[in-house]
Amino acid sequence: MPGTGLVRNGGKFGLGIASRRATLTPSGGSKQFVETGHALSSPLGRITISSEAVARIVGETSRECYGVVGMAGRKWLPDRTTRGIEIGGAGAGVTIDLHVVVEYGLNLAEVASTIRNRVTYEVERLTGLSVLAVEVHIEDVKRSG
């Protein structure tokens with residue numbers, strides 16, 4: 001698209017973490033690069049971790065937590081591990097919002113606390129990113145089995 005078009009280019013880094021980079025061309029004609037992910041800098045270079053990769057980690061970790069029956073969200077996408085997960089934040093760290101369905105009869109505060117602690121630990125361990133906040137939204141309770 002001429003003028004102010006948006007072009008997306010895909011790239012891979014050595015750790016198998018996908019990055020998305022958008023090229024913005026302002027009316028002046030010079031190009032700017034805008035990262036759509038979370039960046040880590042090291043003496044050897046820079047690694048950008050996409051929000052999608054972080055969301056997959058959050059999805060797998062939260063599904064393993066005791067008491068979680070499933071994920072909930074506005075969009076129903078059956079085969080997506082990122083259903084009901086929103087990743088935000090920039091610069092200093094990431095913020096995570098996740099919507100879950102919990103088993104009936106369990107202490108909801110304890111289940112939410114477990115999810116929050118496990119998700120924070122796994123995201124920081126696997127990505128090296130700092131987690132600023134994990135908001136757990138219990139959308140429903142269901143009997144299992």
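**Figure 1. Contacts of V123 in the predicted model.** Setting aside neighbours within four places in sequence, V123 is in contact with V54, I57, V58, I96, G128, L129 and V131. The model is predicted. V123 belongs to α2, which spans residues 108-127. Among its partners, V54, I57 and V58 fall in α1 (51-64), I96 falls in β8 (94-103), and V131 falls in β9 (131-142).

**Figure 2. The largest nonpolar core of the protein.** This core has 24 residues, and V58, I96, L98, I115 and V123 touch the most other members. At least two residues of the core come from each of α1 (51-64), β6 (68-71), β7 (85-88), β8, α2 and β9 (131-142). In soluble globular proteins, nonpolar side chains tend to be buried together. Of the 145 residues in this protein, 31% count as buried.

**Figure 3. A nonpolar patch on the surface.** Y104, L108, I138 and V141 make up this patch, which covers about 320 Å². Y104 sits in the loop that links β8 (94-103) to α2 (108-127). I138 and V141 lie within β9 (131-142). For the protein, the exposed area is about 9,100 Å², and carbon and sulfur atoms supply 51% of that area.

**Figure 4. Order of the elements along the protein.** The protein has two helices and nine strands. Starting at the N terminus, the elements follow the order β-β-β-β-β-α-β-β-β-α-β. Among contacts between residues at least 6 apart in sequence, 53% join residues at least 24 apart.

Technical notes:
Residues are numbered from 1 along each chain as its sequence is written. This is a predicted model: local features need pLDDT of at least 70, side-chain atom pairs count only at pLDDT 80 or more; totals for chains, interfaces and linings use all residues. Side-chain values use heavy atoms; hydrogens and water are left out. Patches are made of residues with over 30% relative accessible area and no salt bridge: like charges are joined within 9 Å, nonpolar side chains (Val, Leu, Ile, Met, Phe, Trp, Tyr) within 5 Å. Accessible areas come from the Shrake-Rupley method with a 1.4 Å probe; for residues, only the protein chains shown count as cover. A salt bridge is a side-chain nitrogen of Lys or Arg within 4 Å of a carboxyl oxygen of Asp or Glu. Helices (H or I, at least four residues) and strands (E, at least two) are DSSP runs, numbered from the N terminus. Buried means under 20% relative accessible area, exposed over 50%, partly exposed in between (1.4 Å probe, protein chains only). Contact means heavy atoms within 4.5 Å. A nonpolar core is a set of buried Ala, Val, Leu, Ile, Met, Phe, Trp, Tyr and Cys residues joined through side-chain atoms within 4.5 Å.
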